[in-house]
Amino acid sequence: MTKLPERLLVLRKEQNLSQKDLVKEMGLALNTYVRYERGEREPVASVLVQMADFYSVSLDYLVGRSDER
């Protein structure tokens, strides 16, 4: 899942959201999300689905298996 951190960063910036705003919207802990963007931690499947739905992209795009959103 090496592309996940960069995709999360790009998608968040496209929405003009700060990390704090994003975690409020998604109900995540700030420290946990920061670790996702840094590639220090990988989200569980249910959180990946939540993120894909939030950004209206496929799971394959989010984790780097596809370049089609």
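The following paragraphs describe helix packing, aromatic pairs and backbone features in a predicted model.

A good place to begin is the contact of helix 1 with helix 4. Helix 1 covers residues 3–14, and helix 4 covers residues 45–55. Their axes come within 11 Å and cross at roughly 35°, and the crossing is left-handed. Helix 1 brings Leu-4, Leu-8, Leu-11 and Arg-12 to this contact, while helix 4 supplies Leu-48, Met-51 and Tyr-55. By residue class, the contact holds 6 nonpolar residues, no polar ones and 1 charged one.

Helix 1 also carries Pro-5. This proline has a relative accessible area of 16% and is therefore buried, the cut-off being under 20%. Apart from neighbours within four places in sequence, Pro-5 is in contact with Tyr-36, Glu-37, Arg-38 and Gly-39. Two of these partners, Tyr-36 and Glu-37, are listed among the buried residues of helix 3. Ala-29 offers a further reference point for Pro-5: the two are 24 residues apart in sequence, and their C-alpha atoms are 16 Å apart in space.

Helix 3 itself spans residues 30–38. Its buried residues are Thr-32, Tyr-33, Val-34, Tyr-36 and Glu-37. These buried residues pack against helix 1, helix 2 (19–26) and helix 4. Just after helix 3 comes Gly-39, with a positive phi of about 80°. Gly-39 is also one of the residues in contact with Pro-5, so the backbone feature that follows helix 3 can be viewed together with the contacts of helix 1.

Attention can now turn to the aromatic rings. The model contains 2 aromatic pairs. In one of them, the ring centres of Tyr-33 and Tyr-36 lie 6.4 Å apart with their planes at 80°, and the pair is therefore edge-to-face. Both tyrosines belong to helix 3, where a spacing of 3 residues separates them by about one helical turn. This fits the general geometry: an α-helix has 3.6 residues a turn, so residues three or four places apart point the same way. Tyr-33 has a relative accessible area of 0% and is buried; Tyr-36, at 5%, is buried too. Phe-54 and Tyr-55 also form an edge-to-face pair, with 5.1 Å from centre to centre and 80° between the planes. Here the two partners fall into separate classes of exposure: Phe-54 is partly exposed at 29% relative accessibility, whereas Tyr-55 is buried at 7%. Tyr-55 is also one of the helix 4 residues in the contact with helix 1.

Another arrangement involving a ring links helix 1 with helix 5. Arg-7 lies in helix 1, and Tyr-61 lies in helix 5, residues 59–63. The charged end of Arg-7 sits over the ring of Tyr-61, 4.0 Å from the ring centre. Which class of exposure does Arg-7 fall into? At 9% relative accessibility, Arg-7 is buried because the limit for that class is under 20%. Tyr-61 is likewise buried, with a relative accessibility of 8%.

The surroundings of these two residues fill in the picture. Leaving aside neighbours within four places in sequence, Arg-7 is in contact with Tyr-61, Leu-62, Gly-64, Ser-66 and Asp-67. With neighbours treated in that way, Tyr-61 is in contact with Arg-7, Leu-11, Ser-66, Asp-67, Glu-68 and Arg-69. Ser-66 and Asp-67 appear in both sets of contacts. Leu-11, a contact of Tyr-61, is also among the helix 1 residues that meet helix 4. Tyr-61 and Lys-3 are 58 residues apart along the chain, with their C-alpha atoms separated by 9.1 Å.

Finally, two loop residues deserve a look for their backbone angles. As background, most residues other than glycine have a negative phi. Asn-16 has a positive phi, near 55°, and is found in the loop between helix 1 and helix 2. With 69% relative accessibility, Asn-16 counts as exposed. Ser-56 also has a positive phi near 55°, and its place is in the loop between helix 4 and helix 5. Ser-56 is exposed, at a relative accessible area of 62%.

Note on methods: Residues are numbered from 1 along each chain as its sequence is written. This is a predicted model: local features need pLDDT of at least 70, side-chain atom pairs count only at pLDDT 80 or more; totals for chains, interfaces and linings use all residues. Side-chain values use heavy atoms; hydrogens and water are left out. Helices (H or I, at least four residues) and strands (E, at least two) are DSSP runs, numbered from the N terminus. Buried means under 20% relative accessible area, exposed over 50%, partly exposed in between (1.4 Å probe, protein chains only). Contact means heavy atoms within 4.5 Å. Rings of Phe, Tyr and Trp (its six-membered ring) pair if their centres lie within 6.5 Å; planes under 30 degrees apart count as stacked, over 60 as edge-to-face and the rest as tilted. A charge sits over a ring if NZ of Lys or CZ of Arg is within 6 Å of the ring centre and within 35 degrees of the ring normal. Axes are lines fitted to C-alpha atoms, for helices over the stretch in contact, and angles run from 0 to 180 degrees between N-to-C directions. A crossing is left-handed if the near helix is turned anticlockwise from the far one by less than a right angle, and right-handed if clockwise. Ala, Val, Leu, Ile, Met, Phe, Trp, Tyr, Cys and Pro count as nonpolar, Asp, Glu, Lys and Arg as charged, and the others, Gly among them, as polar.
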